[in-house]
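Student: Hey, I just opened this one and don't know where to look. Can you walk me through it?
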Amino acid sequence: MEMRILGRLTADALPFYSWVAVGGAVVTVLGFLTVVGVITWLGKWRYLWNEWLTSLDHKRIGIMYVVVALVMLLRGFVDAIMMRAQQAFALNSDGYLPPEHFDQIFSSHGTIMIFFMAMPFLTGLINIIVPQQIGARDVAFPFMNSVSLWLTAAGASLVLVSLVIGRFSTAGWSGYPPYSGPEYNPGVGVDYWIWAIQASGIGTTLSGINFIVTILKRRTPGMRLMRMPLFCWTALASSILMIFAFPALTVATATLALDRIFGMHFFTNAGGGNMMNYTNLFWIWGHPEVYILILPAFGIYSEVVANFSAKRLFGYTSLVYATMTIALLSFTVWLHHFFTMGASANVNAFFGIATMVIAVPTGVKVFDWLMTMFRGRITFHPSMLWTLGFIVTFVIGGMTGVLLALPPVNYLVHNSTFLVAHFHNMLIPGALFGYFAGYMYWFPKAFGFTLDAHWGKRAFWCWIIGFYLAFMPLYVLGFMGMARRTEHYDIAAWQPLLIVAALGALVVLAGITSLVIQLITSIGNRDNARDLTGDPWDGRTLEWLTASPPAPYNFAILPQVRDIDAFHDMKRRGVAYSRPERYEDILLPKNTGAGVLLGGLAFTFGFAVVWHIWWAAIAALIAILGTAVARSFRDKTEFRLPASEVKEIEDRRFRDLAKGGAI
Ligand code: HEM
Ligand SMILES: [Cu+2]
């Protein structure tokens, strides 16, 4: 065999197979160059490196996670619009996308939306908020936090690079063998997918460990578990799912890689393997994954609904138990993703019933949210609108989920657009609306000024109307027999519905545009929208006690908690803003570039393995080990912020508090 220094990487990797693909590559490269150019032009590289990229501050890491999520949301949405356009036109014609390219697009859309939009969004929000809600100064392992971020960024970069060099997977976001195996997919697409997921999946496992230890060990005095805000509980549940579920995905994709690279037979039936092992492993991760995505959103809705009803959350204890019950049950239902595999009727019945049982704790939650609003003084802040839109829409999605959980019904609509409608029904109003609610609710905490409410409301209305237009037709199309991932068709009755769905996607586009306008106008108007008190919404939980944006240490003095809704309670007792006699030195994590380096090496490793550039892969692996070892010999990982500086920062905060009328 001829050995090539660049493995299988040749000039053929450029995307000249289709003009649309060339366009995608050009936009990606130009976008990248523009960002680099603007930063250079502004002379901001040093600032960016010192203050952000190397930062171990949980708030900055969280913000960077959210930036990744928003950028990837745009990319994932472009994919969605392209698919909607293709299906709207492709009656009795090929449309404008060749099948090969269409398949890459649904694969990258699903992969991006789940792994590189939703996951970083929720991880970012947890990072920014949870330490503040439990009265902590940072997460338990700040360096590991940075490593998680950069592993996620490495994975996202692999997906983006596949647009320019080579191709992405055509095997969908779930990558089932045998189609994703070497026999049917000898190219690089599936490899890009595998290594993007490996990098981010390991990052997520580390985040899960980090959040669990933070929540269990870093709570301020008096913050008992049963006094934690609901967002902390859902973050805890989500993190527990991360550490138990993600390894299954890591193993599934790693063994798939072994089949692909070394010709092993984990999933090839003829070689003594079993492809259904992959499907099982994938969904043993995959079902808990949907709760990893949705539980933090439930937490956000809970905070928002209580805050903007000006009431304590109704049924706090039942919400905690419902959350943990859902987390536990989520491991018992994975087989509902492949009822059609042909397990016995009893097996299918078991998993069908287990699935429906989840509707019970979920119903408890909906009931509690409604009761929280009942007789509350409701403020229609945009975050509250996202929450209300969620409650109504989510109930519909939940009911279609119960339908899908019935094996006989499932046989009829399996892999039809009914399923596509169902899971978007859960993921968009269920998860994404929650992240938007959190984004608009906590934005002032992160940046010190509030977001424009008018554009926030417009964004909401466009998203919700667009959502209904885009996805209700898919329920109908499912009953009409339209399979998911259809590139073109010859059934005229489908087309009107697909055109409505495409129009819906355009309305969502208006929603996304509103979000962009909201951000830009709010930044322009920031001097008039300053949050001087750190408490713009008359908040109830501890994150509103810190300044906006918070000092690097969050709390100069760790707060004493006496009640659920700790901050509300402190305000009521008139002790929220008491000053100590004197301040003490505070230890904070020192910045380090090691996380960025590890992310860069993970990217190099992934890219090298994708293209079979073995020497580079081995070099990257050695460098990763070397960096990890070198870092572990570093003893001075913290610095001391002297009490005098703490006092200066706090003096400024109290001046702002007075100016804002809080004291
Ligand atoms: C914002 C509007 C969105 C639109 C218009 C949209 C549209 C689509 C379309 C047209 C498909 C292909 C359906 C088919 O197979 O026929 C699809 C698949 C998918 N979408 Fe979305 N989507 C949106 C948002 C999201 C979000 C927010 C998520 C996740 C958080 C998501 C996750 C997925 C997944 C996992 C797939 C399956 C991909 C596969 O078949 O492998 N989508 N979406
Ligand atoms: Cu499931």
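Student: Which residues come nearest to ligand 1?
Tutor: Of the 24 residues around ligand 1, the nearest are His109, Trp173, His424, Arg484 and Arg485. Keep in mind that this is a predicted model.

Student: Okay, and how many of the residues in that shell are nonpolar, polar or charged?
Tutor: The shell around ligand 1 has 16 nonpolar residues, along with five polar and three charged ones.

Student: Which helices supply at least two residues of the shell each?
Tutor: Helix H3 (58–89), helix H4 (99–133), helix H14 (417–447) and helix H15 (453–479) each do that for ligand 1.

Student: What do the two arginines do there?
Tutor: They touch ligand 1 through separate parts of the residue. For Arg484, an N or O atom in the side chain is 3.0 Å from an oxygen atom of ligand 1. For Arg485, a backbone N or O atom lies 2.7 Å from an oxygen atom of ligand 1.

Student: There's an iron atom in ligand 1, right in the picture. What are its protein donors?
Tutor: His109 and His424, each through NE2, at 1.9 to 2.0 Å from the iron atom of ligand 1. A polar side-chain atom of His424 also lies 2.7 Å from a nitrogen atom of ligand 1.

Student: What geometry does the iron site have?
Tutor: The site is octahedral: the iron atom of ligand 1 has six donor atoms, with angles of 88 to 180° among them. For six octahedral donors, the ideal angles are 90 or 180 degrees.

Student: And where do the two histidines at the iron sit in the chain?
Tutor: His109 is in helix H4 and His424 in helix H14, 315 residues apart, so the pair links distant parts of the chain.

Student: Are they buried or exposed?
Tutor: His109 has 12% relative accessibility, so it counts as buried. His424 counts as buried too, at 14%. The cut-off for buried is under 20%.

Student: Switching topic: what coordinates the copper ion (ligand 2)?
Tutor: Three histidines: His287 through ND1, plus His336 and His337 through NE2, at 1.7 to 2.0 Å. Along the chain, the donors of the copper ion follow the spacing H-x48-H-H. His287 lies in helix H8 (residues 275–307), while His337 is in the loop between helix H9 (316–329) and helix H10 (345–357), so this pair ties together parts that are 50 residues apart in sequence.

Student: How buried or exposed are His287 and His337?
Tutor: His287 counts as buried, at 7% relative accessibility. His337 is at 22%, so it counts as partly exposed.

Student: Let's talk about the backbone. Where are the cis peptide bonds?
Tutor: One joins Pro177 and Pro178, with omega about 10°. Pro178 lies in the loop between helix H5 (142–161) and helix H6 (189–217). Another cis bond runs from Ser548 to Pro549, with omega near -15°. Pro549 is in the loop between helix H16 (494–524) and helix H17 (566–573).

Student: Why point those out?
Tutor: Because most peptide bonds are trans.

Student: What about phi, which residues other than glycine have a positive value?
Tutor: Ala310 is one of them, with phi near 50°. Ala310 is placed in the loop between H8 and H9. Arg375 is another, with phi near 60°, and its place is in the loop between helix H11 (359–373) and helix H12 (382–404). Most residues other than glycine have a negative phi.

Student: Are those two buried or exposed?
Tutor: Ala310 is partly exposed, with a relative accessible area of 33%. Arg375 counts as exposed, at 76% relative accessibility.

Student: Last bit: what does the whole chain look like?
Tutor: The chain has 20 helices and two strands. Its C-alpha atoms fill a box of roughly 75 × 60 × 45 Å along the principal axes. The radius of gyration is 25 Å, which agrees with the value near 26 Å for a compact globule of 663 residues.

Student: What share of the residues counts as buried?
Tutor: 57% of the 663 residues do. Thr450 is a buried residue, with a relative accessible area of 19%, and its place is in the loop between H14 and H15.

How values were computed
Residues numbered from 1 in each chain as written. Chains lettered and ligands numbered in written order. Predicted model: local features only at pLDDT ≥ 70, side-chain atom pairs only at ≥ 80, totals over all residues. Heavy atoms only, no water. Donors = N, O, S within 2.8 Å, 3.2 Å for Na, K, Ca; no water. Helix = DSSP H or I, 4+ residues; strand = E, 2+ residues; numbered from the N terminus. Buried < 20%, exposed > 50% of the residue type's maximum accessible area, 1.4 Å probe, protein only. Near = heavy atom within 4 Å. Polar contact = N/O pair within 3.5 Å; in protein donor to acceptor, adjacent residues only side chain to side chain. Nonpolar A, V, L, I, M, F, W, Y, C, P; charged D, E, K, R; others polar. Tetrahedral: all angles 85-135°; square planar, octahedral: opposite > 155°, others 65-115°. Rg over C-alpha atoms; globule rule 2.2 N^0.38 Å.
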